[in-house]
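These exercises go with the structure shown below. Work through each task before reading its solution.

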Amino acid sequence: MKDIMKIIAGQGLKGDFFIPGDKSISHRSVMFSALGDKPVRIKNFLNSQDCLSTVKCIQALGVKVDFINENEIVIYGKGIHGLTEPSDVLDAGNSGTTLRLMMGILAAQPFFSTFTGDQSLRKRPMRRVINPLSEMKAKLVSREDSKYLPLAIIPVDKLQAINYAMPMASAQVKSAILLAGMYAEGETIVTEPYTSRDHTERMFETFGVKLRKFGTSIGIKKVDKFVSPEEIVVPGDISSAAFWLVAASIIPNSKLIIRNIGINPTRTGILDVLKDMGANIEIVNEKWSGKEPVADFIVRSAELKGVTFGAEIMPRLIDEIPILTVAAMFAEGDTIISGAGELRVKETDRLAAIEAEFTKMGAKIQATDDGLIIHGKAALKEAECYSYHDHRIAMALAIAGMAAHGVTIQSPHCVDISYPNFYTVLNELKK
Ligand SMILES: O=C(O)C1=C[C@@H](OP(=O)(O)O)[C@@H](O)[C@H](O)C1
Ligand SMILES: C=C(OP(=O)(O)O)C(=O)O
C-alpha cells in the first residue's frame with residue numbers, strides 16, 4: 001500500500017486548543033533530570049519519536065524513567081557522575097538534538113559509548129561537535145574521518161576547558177560544549193556568531209548552576225552537582241504552533257486561540273516575521289513556566305505581504321522556514337530569505353525540498369545557496385508531494401494544501417517526530 005495522506009482544502013479555521021510540549025525543552029528536561037540529585041516529574045513532556053529517542057538513551061545509561069501518563073514522566077536522576085556504561089549502541093533515531101547534546105555529556109564520562117541514528121541522522125555533520133570536544137581533550141571517532149555516524153566515545157582522564165568561537169549559530173553545538181564544560185577543569189567559554197535558543201542555559205539555572213553571560217558568550221565552570229527541581233512544566237512548542245499561526249493567517253475567515261506557547265525571545269523570530277508580513281496575532285496571558293516565558297496567541301486571517309530577512313534572525317526561527325515559505329506563497333510580492341544555509345544539513349536538505357515540492361503545487365520558488373526567493377500569489381494547484389521523511393516539510397505541505405487546492409503527501413507519518421497528533425488537529429480545525 002502506498003504510504004500517503006490526502007489533505008483537502010479547508011475553509012475558515014476555528015479552534016481553541018493547546019499545543020504539545022516543546023521538543024527542545026523536553027529533550028533537555030530528560031537529560032538534565034537524569035544528572036540530577038532527586039526524581040523530577042516532567043509535565044507536558046512531548047511524547048514524540050525524537051524525545052522518546054532521548055528517553056531510551058537515558059534508560060540505556062542506567063537511569064530509571066516512569067511514564068505516569070502520555071505526557072508526564074518521572075526521571076530518577078543519578079547525579080552528574082551516576083550514568084553507567086551502555087551495553088549496546090545508543091540510537092538517536094532521527095534526532096540531532098538527542099545525539100549532539102548527549103555527545104557533550106558522554107564525552108566526559110569514564111566509560112565507552114557508541115552512537116548511531118536513522119538514515120537521515122547518519123548523513124548529518126558531526127565534526128561541528130567533535131572538533132570542539134576534541135579541543136577539550138575528549139576522544140571521539142566516527143565514520144569518514146569524523147564526519148558522520150556511527151560514532152564512538154572513548155573515555156579520557158579529564159576534560160580541559162576551552163574558549164571556543166563557534167563557526168555557526170547552533171544551539172546543539174553550544175549545548176554540547178556547555179555540557180562537556182561542566183565536567184572540565186577551568187572555565188569553558190563558548191561564543192556564537194548570533195544568539196541561538198538558550199534553553200540549555202535556562203535549564204542549567206533550573207538545576208542550580210550559574211553561568212557567566214557576556215555578549216554572545218557564555219562561560220561555565222566545573223559543576224559539583226545538579227540540584228533538581230521537583231517538577232518541570234514544559235511550555236507548548238512555538239515551532240509546532242507556527243503551522244497554525246500561518247494556517248489561520250492565510251486561510252480566510254479563520255480565528256484560532258492557541259494556548260500556553262513558549263515565547264522565549266530566542267525562539268520568537270516567527271512572530272517578528274509574521275508581524276512584518278502583516279499578520280494579525282495577539283499575544284495574551286503572558287506568564288512564566290519555570291524559567292521559560294509562555295503566553296496564549298489569538299490569530300486571525302490577514303492579507304500578508306512579502307518580506308526580506310537573513311542571518312541575524314535565522315537562529316530564532318530556523319525550524320520555521322518551511323512554514324514561513326508557505327506564508328510567503330500566499331503573500332503579495334516577493335519574500336527573500338538568506339543566511340539559511342544550515343537548512344541544507346537538517347533532516348533533509350530543506351532548501352532543496354522546499355523548492356522541489358512547492359514547485360509541484362505551482363509555487364514560484366528558487367532555492368539559493370543559503371536561502372530562498374519566493375514570488376507570492378502564484379496560481380497554485382492540487383499536487384502529490386514528498387515529505388523526504390522530514391516532519392517539518394510534511395506539515396508545511398499539509399498547510400499549503402489545506403490553504404490551496406489540496407495535497408497528497410508521500411511518507412506523511414514523519415510528523416510523529418515532533419507533533420504526533422498533527423493531522424488530527426488539522427481535521428478538527430476544519431470542522
Ligand atoms: O538545540 C535544539 O534543541 C535545536 C537546535 C536547532 O538545531 P541547530 O543547533 O543545529 O541549529 C534546531 O534546528 C533543532 O530543531 C533543535
Ligand atoms: C532540525 C530539527 O531537529 P533535530 O536537529 O533535533 O533533528 C527539527 O526539529 O526541525
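A residue is taken to surround a ligand if its C-beta atom, placed from the backbone, lies within 6 Å of that ligand. The model is predicted.

**Exercise 1.** List the residues that surround ligand 1, and state how they divide by class.

Solution. Step 1: applying the cut-off gives Ser24, Gly96, Thr97, Ser170, Ala171, Gln172, Ser175, Arg197, Ile318, Asp319 and Glu342. Step 2: sorted by class, this shell holds two nonpolar, six polar and three charged residues. Step 3: look for helices in the shell. Helix 3 (96–106) and helix 6 (171–181) each contribute at least two residues. Helix 6 has the largest share, with three residues.

**Exercise 2.** Where does ligand 1 lie with respect to domain 1 and domain 2?

Solution. Step 1: take the domain bounds. The assignment gives domain 1 as 4–20 + 235–429 and domain 2 as 23–220. Step 2: compare the shell with these bounds. Both domains give residues to the shell around ligand 1, so this ligand lies between them.

**Exercise 3.** Repeat the analysis for ligand 2, giving its shell, the classes and its place with respect to the domains.

Solution. Step 1: the shell consists of Asp50, Ser95, Gly96, Thr97, Asp319, Lys346, Glu347, Arg392 and Ser418. Step 2: by class there are no nonpolar, four polar and five charged residues. Step 3: domain 1 and domain 2 both supply residues here, so ligand 2 lies between them.

**Exercise 4.** Describe the setting of Asp319: which loop holds it, and is it buried or exposed?

Solution. Step 1: Asp319 sits in the loop that runs between strand 18 (308–309) and helix 10 (321–329). Step 2: count its neighbours. There are 23 C-beta neighbours inside 10 Å; the threshold for a buried residue is 20 or more. Asp319 therefore counts as buried. Step 3: leaving out residues up to four places away in sequence, Asp319 touches Ser239 and Arg392. Step 4: relate this to the ligands. Asp319 belongs to the shell of ligand 1 and to that of ligand 2; Arg392 is also part of the ligand 2 shell. Step 5: check the record. An unreviewed UniProt entry places the feature "active site" at Asp319.

**Exercise 5.** How many residues of each domain are in contact across the boundary between domain 1 and domain 2?

Solution. Step 1: the C-alpha centres of the two domains are 28 Å apart. Step 2: 23 residues of domain 1 contact 21 residues of domain 2. Step 3: on the domain 1 side, the touching residues comprise nine nonpolar, six polar and eight charged.

**Exercise 6.** Which residues of helix 9 are buried, and what do they pack against?

Solution. Step 1: within helix 9 (residues 269–276), the buried residues are Gly269, Ile270, Leu271, Val273 and Leu274. Step 2: they pack against helix 8 (238–250), strand 16 (280–289), strand 18 and helix 10. Step 3: just after the helix, Gly278 has a positive phi of about 100°.

**Exercise 7.** Assess the chain as a whole.

Solution. Step 1: the chain has 13 helices and 23 strands. Step 2: its radius of gyration is 21 Å, close to the 22 Å that the globule rule gives for 431 residues, so the chain is as compact as a globular protein of that length. Step 3: 52% of the 431 residues count as buried. Step 4: among contacts with a separation of 6 or more, 76% join residues 24 or more positions apart.

Definitions and conventions: Residues numbered from 1 in each chain as written. Chains lettered and ligands numbered in written order. Predicted model: local features only at pLDDT ≥ 70, side-chain atom pairs only at ≥ 80, totals over all residues. Helix = DSSP H or I, 4+ residues; strand = E, 2+ residues; numbered from the N terminus. Rg over C-alpha atoms; globule rule 2.2 N^0.38 Å. Buried ≥ 20, exposed ≤ 12 C-beta atoms within 10 Å, placed from the backbone. Contact = placed C-beta atoms within 7 Å. Nonpolar A, V, L, I, M, F, W, Y, C, P; charged D, E, K, R; others polar. Domains from an automatic or database assignment. UniProt positions renumbered as here; feature names shortened; annotations may be inferred.
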